[in-house]
Structures are given as structure tokens and as C-alpha cells.
Amino acid sequence: MPTPPLLTPLVARLPATVPFVGPEAQERAAGRAFRARIGANESVFGPSPAAVAAMQAAAAGVWMYGDPENHDLRHALAARHGCRPDNIVVGEGIDGLLGLLVRMTVAEGSNVVTSDGAYPTFNFHVAGFGGLLHKVPYRGDHEDPNALLARAHEVGARLVYIANPDNPMGSHHPGAMIAAMLDGLPPDCLLVIDEAYVELAPEGTAAPVDPDDPRAIRMRTFSKAHGMAGARVGFAVGAPALIAAFDRVRNHFGMGRISQAGALAALADTDWLAHVRAEVAAARDRIAAIARASGLTPLPSATNFVAVDCGRDGALARAVLAGLTARGIFARMPGVAPLDRCIRVSCGTGADLDLLAAALPEALAEARKAAAAPA
Ligand SMILES: *Cc1c(COP(=O)(O)O)cnc(C)c1O
């Protein structure tokens, strides 16, 4: 397609790619629906029934804009996290907040550091604002704090991104190790701590960072453990000056009333969160058992998904994934070597995982046969 006129030089230079192909696009292309949707780390266990009720109750009032200050939700979040409301900005998921943060801090040519194979939406935003991405390798399927800091010094980074727990490998570091990174940052560099899965991780995984510390911003979401990915609610915790700066660029009416009401109710329902944690733990164990039954190696997970090492390389894992897709199972896999020897399976219902148990041995046998055949 020709580049349309009127784009800024920066946008005209950007690749015309979509960072994620959604399962809906795959379903349209295949002409049929997936039988198991266990690829996007959504929570099949759903939102809290109290959140559903609150969203239903809010629906008739949807003719009203939401509160542009997200007052009630910010106050409830502050109470929960032991900070002040001026430490918290609410936005359209972590994805939306990452875009705003990059816009606020990354000029054309600014240097940014992340891990090779880590969460791609962050990279998408950095590219979108003309930043230069520097990537360090994973170490033992973990993001590598020391390598991230070393590269940040080398390039004079504005931002260093780390997800803890990590997506796509499901690994995690103790929160104290993440907090210790602050003392190793170069000057004028912000540590972006993505804690999308932290509610599902072992105790002690959340980074013990002072909310007023200007060297870090922590991001959380209602999309994963709270089961509200379609509502688009995330928040960031940071020093008031940085948090207030979001007001200069954010979409003030970006949060809908239904989402605000749902998130508020979900936050209060700690029993539901405990229920989801138990469901997730059981599903992780089941995915691991299904993988082992096929002779594959499940990686330890602190999230609602399991990376399954298919034992060879990206080509084999891609073939296994294609076999699952052909059998109506939506899963995904890491994008770069050596992580791409794995497929990534999100926690599913019992029925979802029954389908996986039936499909995986077939997909694997097919993939191995194709890999052994002469090209
Ligand atoms: C799923 C995910 C997100 C996206 O969160 P939203 O709040 O839905 O935008 C962010 N970071 C990581 C690491 C994720 O896996």
C-alpha cells in the first residue's frame, strides 16, 4: 500500500504492522470459532460476580461520561496500596499507560532498554515515538536485571523496562531484587516495573518500592487476575510529579463508567481474587502434567500461563502451535530465540484443558514428523 500523504515523517517511517493478531482475526480467517481460548492470558475464570453486577447496574447510566478524574477508583486503590491518590493514575490498561509514559519521556532518538523477547507492546510504543530500543538477552529464561542496568549505563537510557513476573516465560524474581535495581540506574533514567501478573505470583514478588520514589513507576492491571481484560482498566503507581504529568497527555474521558464501576467492585472482592488464584494454580499444574505426559518440559510459572518447552527450536514449537490451532485451540508462543522453543498456554477451564490434553500429543507427533521429513 502506498504511504498516505499528511503523515508526520516519524509515522510515515513506522512499519505498517500490527503487534498482535487477535484470535478473532484468526477465527474469521479460518471461518470457525476456536474451541479453547487459551492464548492471550485472559482469565477464563471471569470477573468477580460483584463486578459483573456493578457493571450491569452501571449500564443504564452509560449515557454519562465517566468521572475524568477516576476519583473513587484512585482513592480505593490508594487505600489498598498504602499510598495517596496523587500516587495513582488510572488508564486504558497497562498498554494505554505505557503509551502515555513513552510519549512523556521518550523523544526521537532517546535510548530505551528492554529484554529481547519481552512484552512487545512496550516496544511498539517506543518505536511509535521514535525511541531507540536496546535489547539484552534473557538469562535462564528470566529477564536479567544486571544486564538491563549495564546496557542502560552504556546507552544513557531514559527508560528501562522489566516485567515481574515476566511474559512470555512466566518466570519471576523476588520483588526485593527488582527494588534493588533502583540504586543501579544511571541518572535521569526511570525504571518501568510491569506487574501485570503480580497478584498470581508468590508472596514477595511485588517490588517493595516507595510510591514517592521518582526513579520508578509500577504498573498494574485489572485484565489478568481480575478477569476484566475487555474493560480496559490499568493503573500506575509513582511519584506525584510524574503521575501528575499524565494529566498533560492522557485521554481524560478514556475510562468508561462501566469499567470504572466494575474495577471498583472487583477491587473490593478479595474472596474472588483468592478463588481465581486457586483456580490458576490448579490449571498451571494441569497444563504442566499435560506437557509432561507428552514428554515436554513445563517451565515454572508465577502467572496465569505456562511456557512449555517443546525441546528443540522455534521451527518445532511453531509447528506444534500450528497443530493446536488446526485443532481449534488458541495458544501463542514467544517471538525470539531461544525463548521460541516454547509455546505459551494460558490457564483454561477443565474443558479447555481436556481439549489441550487430547490435541497436544497429536500436534506434537505431526510437528516431529514434519521436522524429520526432507524439505
Ligand atoms: C497482558 C499484559 C499487559 C496488558 O495489560 P492491559 O492492562 O490489558 O493493557 C501488560 N504487560 C504485560 C507483561 C502483560 O502480559
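**Exercise 1. A salt-bridge network**

Which residues are linked with Arg37 in a network of salt bridges in this predicted model?

*Solution.* The network links Glu24, Arg37 and Glu42. Step one is to examine the pair formed by Glu42 and Arg37, whose side chains meet in a salt bridge with an N to O distance of 2.8 Å. This value lies within the 4 Å cut-off. Step two is to place the two residues relative to the surface. Partly exposed covers relative accessible areas from 20% to 50%. Glu42, at 25% relative accessibility, is therefore partly exposed, and Arg37, at 33%, is partly exposed as well. Step three is to set the network in context: a search of the whole structure gives 16 salt bridges.

**Exercise 2. Two further pairs**

Determine whether the residues in the salt bridges Arg84 to Asp86 and Arg220 to Glu195 are buried or partly exposed.

*Solution.* Take Arg84 and Asp86 to begin with. Their side chains meet in a salt bridge at 3.1 Å, N to O. Arg84 has a relative accessibility of 38%, so Arg84 counts as partly exposed. Asp86 has 37% and also counts as partly exposed.

Now take Arg220 and Glu195, where the closest N and O atoms are 2.8 Å apart. Arg220 belongs to strand S7 (residues 216–221), while Glu195 sits in the loop between strand S6 (190–194) and S7, so this pair ties together parts 25 residues apart in sequence. Both Arg220 and Glu195 are buried.

**Exercise 3. Cis peptide bonds**

Where does Pro165 lie, and what is the omega of the peptide bond from Asn164 to Pro165?

*Solution.* Most peptide bonds are trans. The bond from Asn164 to Pro165 is cis, with omega near -5°. Pro165 is in the loop between strand S5 (159–163) and helix H8 (175–180). A cis bond also joins Asn167 and Pro168, with omega about 25°. Pro168 is placed in the loop between S5 and H8.

**Exercise 4. Positive phi**

For Asn41 and Asn70, give the phi value, the location and the burial class.

*Solution.* Most residues other than glycine have a negative phi. Asn41 is not a glycine, yet its phi is positive, about 60°. Asn41 lies in the loop between strand S1 (36–37) and helix H3 (49–59). The cut-off for buried is under 20% relative accessible area; at 1%, Asn41 is therefore buried.

Asn70 has a positive phi near 50°. Asn70 is found in the loop between H3 and helix H4 (71–81). With 3% relative accessibility, Asn70 counts as buried.

How values were computed. Residues are numbered from 1 along each chain as its sequence is written. This is a predicted model: local features need pLDDT of at least 70, side-chain atom pairs count only at pLDDT 80 or more; totals for chains, interfaces and linings use all residues. Side-chain values use heavy atoms; hydrogens and water are left out. Buried means under 20% relative accessible area, exposed over 50%, partly exposed in between (1.4 Å probe, protein chains only). Helices (H or I, at least four residues) and strands (E, at least two) are DSSP runs, numbered from the N terminus.
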